Amino acid sequence: MSSCELKESLEVVLNFAQDEKKTILIVDDEENNLQLLKRTFRGKYNLLIAHNGVEGLEVVKQYGDKIALIVSDQKMPVMEGTEFLKKVRETNPQIIKILLTGHVDTDILVSAINDCDLFQYILKPFEPEELKIAVDNGISKYSMASNNKVFYNELRELFYKTIRAISNALDTKDSYTNGHSLRVTLYSMILAKELNLDDAYMEDIEIAGLLHDIGKIAMPKSILCKNGKLTDEEFLVMKSHPVRGEKIVINIKKLQIISEWVKAHHEKWDGTGYPDGLKGTPNEIKLKYVSDNKFANLRGSELQEAMRKEIRNK
C-alpha cells in the first residue's frame with residue numbers, strides 16, 4: 001500500500017466518527033480498475049483500498065468493525081478473491097461481499113456461494129450503474145442485519161438474493177433465455193400450490209426453478225446464442241447442461257436436495273427425455289419439465305388454458 005493510499009485510509013478512519021456514511025473496501029490489483037471503482041463510489045461511501053487479498057486482510061484486521069461491504073476482484077496475485085473472502089467470512093461474517101470476475105468458472109461460483117457467503121457475483125465488463133445498485137442493495141442488507149433480532153433472516157435472504165442474481169446472470173447471456181428462469185419458477189410454484197405441496201417443498205421448488213438451467217452458464221456462446229438449428233454435435237453439447245447443472249448444485253450444501261431435479265428437468269414421462277431416459281418421474285421433476293417445455297413460451301389466454309389443463313390432469 002502506497003503512502004498516499006495509507007494517508008487516504010487514515011483519513012477515512014478519522015471520518016468514521018464524523019458522519020454516518022458506510023465504509024466499503026475495494027480490493028483489485030489493477031490500478032485502472034481501482035480508479036474506476038473509486039470514481040464510482042467516492043462521495044457516497046468511505047473508501048478503503050487494497051491491491052490484493054493479503055493487503056485486504058490487513059485492512060480488515062484493522063478496520064473490520066467499520067467495514068460494511070467488500071468489492072473484490074477474483075484474479076489477483078498472492079491471493080485470489082474467493083480465498084480472501086473466505087478468510088473474511090471466518091473473522092468478520094457480518095461484512096457483505098461482492099465478487100468481480102472476467103470469466104465464468106463454475107468452480108469459482110460454487111466456492112463463492114459455499115465458502116464466502118457471497119452477496120453477489122458480477123461478470124466483467126460491467127456497467128458502473130449495475131455495480132452501484134448491487135453495492136447499495138448490499139449496504140441496505142448490512143444495515144438491516146446489524147439488528148441482531150433479524151440477523152438470521154437477513155442471512156437467509158442474502159442466500160436467496162444470491163440465487164436470484166445467479167439466475168439473472170444466466171438469463172442475460174442470451175436474449176432468448178431472458179426472463180425464462182423466472183417464468184419457469186412462477187409456473188412451477190403455481191402448479192406446486194395446486195398439488196398442495198408443503199412450504200419447505202415450495203421453497204426448494206422455487207430455487208430449482210431459478211437454477212434449473214445453471215448448467216448453461218459454462219455453455220459456449222456460439223452454441224447458446226446460435227441463430228438457426230443446432231448441428232447434431234452442438235445439440236449433444238447443449239444436452240449436457242442438466243448434468244453440468246447437477247454437478248454445480250450438488251456441491252453446495254444448501255442446494256443438494258434439488259440437484260436431482262436440476263439434472264432431470266428435461267426427462268419425460270415416456271422415457272424419451274434426457275439425460276437418463278427416466279420414466280414415471282416424481283412430481284417435482286414433472287413440475288420443472290412441464291413449466292420449462294410446455295409453459296415457458298406461452299402468454300395470456302394460451303398460458304391460462306394450458307395450466308388449467310395440466311392441473312386437471314395432476
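## Contacts around L211 and the nonpolar cores

Leaving aside neighbours within four places in sequence, L211 is in contact with I163, I166, V249, L255 and V262. Apart from the core to which L211 belongs, there lies another one, made up of 23 residues and including I24, Y45, I96 and I98. The core that holds L211 is the largest nonpolar core of this predicted model; it comprises 45 residues, and those with the most contacts inside it are L25, I67, I70, F84, I207, L211 and L255. In soluble globular proteins, nonpolar side chains tend to be buried together.

## Overall composition

The protein has 314 residues, of which 47% are buried, and its secondary structure comes to 15 helices and five strands. Among the contacts with a separation of 6 or more, 60% are between residues 24 or more positions apart. The surface that the protein exposes is about 16000 Å², and carbon and sulfur atoms supply 50% of that area.

## The parallel sheet

The five strands form an open sheet, in the order 2-1-3-4-5, with parallel pairing. At its edges are strand 2, covering residues 46-50, and strand 5, covering residues 120-123, each of which pairs on one side only. From one strand to the next, the twist averages 20°. Strands of a sheet pair through backbone hydrogen bonds, either parallel or antiparallel.

Strand 1, residues 23-27, pairs with strand 2 in the parallel sense over five bridges, and five bridges also join strand 1 to strand 3, again in parallel. L25 links to both of these partners, since its bridge partner in strand 2 is L48 and its bridge partner in strand 3 is I70. I24, for its part, stands opposite L47 in strand 2. Both L25 and I70 are among the residues with the most contacts inside the largest core, whereas I24 is one of the residues of the 23-residue core.

## Burial of strands 1 and 2

In a regular strand the side chains alternate between the two faces of the sheet. In strand 1, T23, L25 and V27 on one side and I24 and I26 on the other are all buried, which leaves both faces covered; five of the five residues of this strand are buried. Strand 2 is described in similar terms, with N46, L48 and A50 buried on one side and L47 and I49 buried on the other. Because five of the five residues of strand 2 are buried, this strand is largely enclosed by the rest of the structure.

The chain crosses from strand 1 to strand 2 through helix 2, residues 31-41, and this β-α-β crossover is right-handed. Helix 3, residues 53-63, lies across strand 1, strand 2 and strand 3, the last of these being residues 67-73, and runs at about 140° to strand 2.

## Backbone exceptions in the loops

Most residues other than glycine have a negative phi, and most peptide bonds are trans. Two cis peptide bonds can be described here: the bond from K124 to P125, with omega near 0°, and the bond that joins Y274 and P275, with omega of about 15°. P125 is found in the loop between strand 5 and helix 6, the latter covering residues 128-145, while P275 lies in the loop between helix 13, residues 259-263, and helix 14, residues 283-295.

Positive phi values occur at V78, where phi is near 75°, and at D117, where phi is about 50°, although neither residue is a glycine. V78 lies in the loop between strand 3 and helix 4, residues 81-91, and with a relative accessible area of 65% V78 is exposed. D117 has its place in the loop between helix 5, residues 106-116, and strand 5, and its relative accessible area of 29% makes D117 partly exposed.

## A long-range approach at S143

S143 lies in helix 6 and, at 32% relative accessibility, counts as partly exposed. The C-alpha atoms of S143 and A68 are separated by 8.2 Å, although the two residues are 75 residues apart along the chain.

Key: Residues numbered from 1 in each chain as written. Predicted model: local features only at pLDDT ≥ 70, side-chain atom pairs only at ≥ 80, totals over all residues. Heavy atoms only, no water. Core = buried A, V, L, I, M, F, W, Y, C linked by side-chain atoms within 4.5 Å. Buried < 20%, exposed > 50% of the residue type's maximum accessible area, 1.4 Å probe, protein only. Contact = heavy atoms within 4.5 Å. Helix = DSSP H or I, 4+ residues; strand = E, 2+ residues; numbered from the N terminus. Areas by Shrake-Rupley, 256 points an atom, 1.4 Å probe, with all protein chains shown as cover. Pairing = 2+ DSSP bridges. Axes fitted to C-alpha atoms, helices over the stretch in contact; angles between N-to-C directions. Right-handed = clockwise from strand over helix to strand, strands pointing away.
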